[in-house]
Amino acid sequence: MHLIIAAALTILFIVILKKLNNAKRFNFDISNKYNKLCIGAHTFDSLLTFTSLSLLALTSYQSALDIFIRFSFVFGRVIIVIIFLYLVDMKVKSPYMNNFLKFVCFIIGLAPGLREFFLVGIQF
């Protein structure tokens, strides 16, 4: 149940971000494929970490005290990634450095996500 709520809040936040972008109040291109990959990789990792910690009682490198901290981890991580991508888009002028930073962000999200994915898969 908590996983569904966390996923729904993440999707709701992305929809609100798209609406703000369409209204030209928030100049962030969420339709960029690299931004989508970064947000998707970090959402994948945070949801799998939440699942393995809360539902399967596995240990992970992210220590959490209770269910509220685990729940806010999913939503908070997506917000931090979106802020990072916004700053990269606004401050970095070189397209090569821009794409490199987004690639690093993607790898940082995908690598532990795949580890959690295979760890959860081994448990079943």
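1. By the rule applied to ring centres, the count comes to two aromatic pairs, and the model in which they are found is a predicted one. In one of them, the rings of Phe 44 and Phe 117 have their centres 6.1 Å apart and their planes at 45 degrees, so this pair is described as tilted. The pair also links distant parts of the chain, since Phe 44 lies in helix H2 (residues 33–55) and Phe 117 in helix H4, with their positions 73 residues apart in the numbering.

2. How exposed are the two partners of this tilted pair? Phe 44 has a relative accessibility of 30% and therefore counts as partly exposed, and Phe 117, with a relative accessibility of 43%, also counts as partly exposed. Phe 117 forms a further aromatic pair with Phe 118, and this one is edge-to-face, with 5.5 Å from centre to centre and 65 degrees between the planes. Phe 118 has a relative accessible area of 53% and is exposed, because the class begins over 50%. Taken together, the ring pairs link Phe 44, Phe 117 and Phe 118 into a cluster.

3. A separate point concerns the nonpolar interior. As a general matter, nonpolar side chains in soluble globular proteins tend to be buried together. In this model the largest nonpolar core has 10 residues, namely Ile 30, Cys 38, Ile 39, Ala 41, Val 78, Val 81, Ile 82, Leu 85, Cys 105 and Phe 106. Helices H2, H3 (67–91) and H4 each supply at least two residues of this core, and the helix that gives the most to it is H3, with four residues.

4. Nonpolar side chains also appear on the surface, where Met 97, Phe 100, Phe 103, Val 104, Ile 107 and Ile 108 form a nonpolar patch whose accessible area comes to about 550 Å² together. One of these patch residues, Ile 108, has its place in helix H4, which spans residues 95–123.

5. Asp 45 deserves a separate comment. This residue is placed in helix H2, and is Asp 45 buried or exposed? Its relative accessibility is 0%, and Asp 45 therefore counts as buried, the limit for that class being under 20%. As for what its side chain reaches, the side chain of Asp 45 comes to 3.3 Å from the backbone nitrogen of Gly 113.

Terms used
Residues numbered from 1 in each chain as written. Predicted model: local features only at pLDDT ≥ 70, side-chain atom pairs only at ≥ 80, totals over all residues. Heavy atoms only, no water. Patch = residues over 30% accessible without salt bridge, like charges linked within 9 Å, V, L, I, M, F, W, Y side chains within 5 Å. Areas by Shrake-Rupley, 256 points an atom, 1.4 Å probe, with all protein chains shown as cover. Salt bridge = Lys/Arg side-chain N within 4 Å of Asp/Glu carboxyl O. Phe/Tyr/Trp six-rings, centres within 6.5 Å; stacked < 30°, edge-to-face > 60°. Buried < 20%, exposed > 50% of the residue type's maximum accessible area, 1.4 Å probe, protein only. Core = buried A, V, L, I, M, F, W, Y, C linked by side-chain atoms within 4.5 Å. Polar contact = N/O pair within 3.5 Å; in protein donor to acceptor, adjacent residues only side chain to side chain.
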